[in-house]
Amino acid sequence: MKKSILIFCLLQLFVLIAFGQDKSIPYGNNPAAGKYYDIRGIKMYCEVYGTGKPLLMIHGNGGDITAFTKNIPYFSKKYMVIVPDSRAQGKSTDPKDSLSFEMMADDFAALLTAMHIDSSYVIGWSDGGINALVLAMRHPDKVIRLASTGANLWPDSTGINPPDWIGERDYYNANKDKVFTTAKDKNDWKIFMLDWLQPNIPLLALRKIKCPSLIICGDHDVIPIHHTVDIYRNIPKAYLWVVPNSPHSTLIEHADAFNKTVDDFFTQPFHNWKQ
């Protein structure tokens with residue numbers, strides 16, 4: 001997410017306390033549904049639920065499969081839900097010293113190929129929303145339709161609300177000269193630096209996205225509404241949904257509405273009102 005690692009961890013704790021997990025299914029730690037794939041030099045952990053058309057779900061910065069605890073039960077009734085831990089996050093390993101959205105988008109394309117899936121619907125949240133956009137740009141044949149919530153195109157205070165960006169800046173300044181010695185600290189810093197330095201996507205690059213796209217943010221998101229509107233305007237086939245009374249976690253705070261709206265978008269004919 002677009003916050004410091006500390007703020008993100010506090011948010012994750014809030015989510016777990018406020019919403020809890022379905023105790024009957026240990027999402028993110030389910031041997032019956034999970035396995036590792038050798039993908040582009042890493043071991044990517046992935047769980048699969050349900051049958052039907054494939055639906056790839058991509059979590060946010062520092063997160064894991066549990067981000068979709070409120071969404072997997074709904075979508076797995078009619079889709080084959082594919083939920084990986086992104087590179088260097090959750091159970092997925094990554095020994096490299098750098099990270100990029102392009103690298104991760106290529107990972108997801110490779111995962112689908114390894115699973116013998118030609119193309120998939122995609123839901124991405126926060127960094128996962130960025131990944132959904134980049135995946136559609138770099139591997140357009142892999143994406144049927146995408147729903148991206150809480151994504152930004154650049155990492156400054158015009159792509160992130162200024163107070164949240166200032167929090168990131170202060171965290172960076174307080175830690176940039178530290179020498180990290182443990183593997184976990186090094187990895188956490190790498191994940192933080194991903195959001196401090198990236199993404200760097202020109203608006204015009206979004207015109208490469210040819211699939212129908214649902215672009216989402218909360219009206220109290222850490223991503224400014226005007227930035228989300230700019231993303232929507234520059235994707236040729238796109239709908240816009242600004243979720244009322246919602247922070248960054250649209251798919252958690254408003255899970256029922258999110259699930260139904262995204263499912264409707266995936267299944268109903270697309271009307272390009274921009275034309």
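User: Rings of Phe, Tyr and Trp (its six-membered ring) form an aromatic pair if their centres lie within 6.5 Å; planes under 30 degrees apart count as stacked, over 60 as edge-to-face and the rest as tilted. Which residues form one aromatic cluster here?

Analyst: Happy to start there, with a note on the ground rules. This is a predicted model, where local features need pLDDT of at least 70 and side-chain atom pairs count only at pLDDT 80 or more, while totals for chains, interfaces and linings use all residues. Residues are numbered from 1 along each chain as its sequence is written, and side-chain values use heavy atoms, with hydrogens and water left out. The residues that make up one aromatic cluster are Y74, F75, Y79, Y121, Y239, F265, F266 and F270.

User: How many aromatic pairs does a search of the whole structure find?

Analyst: Each pair has to pass the ring-centre cut-off of 6.5 Å. Searching the whole structure on that basis gives a count of 18.

User: What is the angle between the planes of Y121 and F266?

Analyst: Y121 and F266 make an aromatic pair with a centre-to-centre distance of 4.8 Å. Their geometry falls in the tilted class, and the angle between the planes is 45 degrees.

User: How many residues apart in sequence are the parts that this pair ties together?

Analyst: Helices (H or I, at least four residues) and strands (E, at least two) are DSSP runs, numbered from the N terminus. Y121 belongs to strand β5 and F266 to helix α9, so the pair ties together parts whose separation in sequence, in residues, is 145.

User: Are Y121 and F266 buried or exposed?

Analyst: Buried means under 20% relative accessible area, exposed over 50%, and partly exposed in between (1.4 Å probe, protein chains only). By that scale, Y121 and F266 are both buried.

User: Which ring has the charged end of R145 over it?

Analyst: A charge sits over a ring if NZ of Lys or CZ of Arg is within 6 Å of the ring centre and within 35 degrees of the ring normal. K91 gives one such case, with its charged end over the ring of Y45 at 5.4 Å from the centre. For R145, the distance to the ring centre is 5.3 Å, and the ring is that of F265.

User: How many salt bridges does the count come to?

Analyst: The rule asks for a side-chain nitrogen of Lys or Arg within 4 Å of a carboxyl oxygen of Asp or Glu. By this rule, the number of salt bridges is 10.

User: Where do K78 and D263 lie, and how many residues apart in sequence are the parts they tie together?

Analyst: K78 and D263 form a salt bridge through their side chains, at 3.4 Å from N to O. K78 is in the loop between α2 (72-75) and β4 (79-84), whereas D263 is in helix α9 (residues 255-267), so the bridge ties together parts whose separation in residues is 185.

User: Which class of accessibility does D263 fall in?

Analyst: Its partner K78 counts as partly exposed, because its relative accessibility is 40%. D263 has a value of 5%, so its class is buried.

User: Which residue forms a salt bridge with R87?

Analyst: The closest N and O atoms of this bridge are 2.7 Å apart, and the partner of R87 is D107. R87 lies in the loop between β4 and α3 (101-114) and its partner in helix α3, so the bridge ties together parts 20 residues apart in sequence. R87 is buried at 1% relative accessible area. At 0%, so is the partner, D107.

User: Which residues are linked with R87 in a network of salt bridges?

Analyst: D107 belongs to this network as well as being the direct partner of R87. The full set linked with R87 is R40, D94, D107 and K190.

User: What is the phi of R40?

Analyst: Most residues other than glycine have a negative phi, and most peptide bonds are trans. R40 lies in the loop between β1 (34-39) and β2 (42-49) and is partly exposed at 40% relative accessibility. R40 is not a glycine, yet its phi is positive, about 50 degrees.

User: Which residues does a cis peptide bond join?

Analyst: P199, one of the two, lies in the loop between α6 (183-197) and β7 (213-218). Omega is about 0 degrees for this bond, which joins Q198 and P199.
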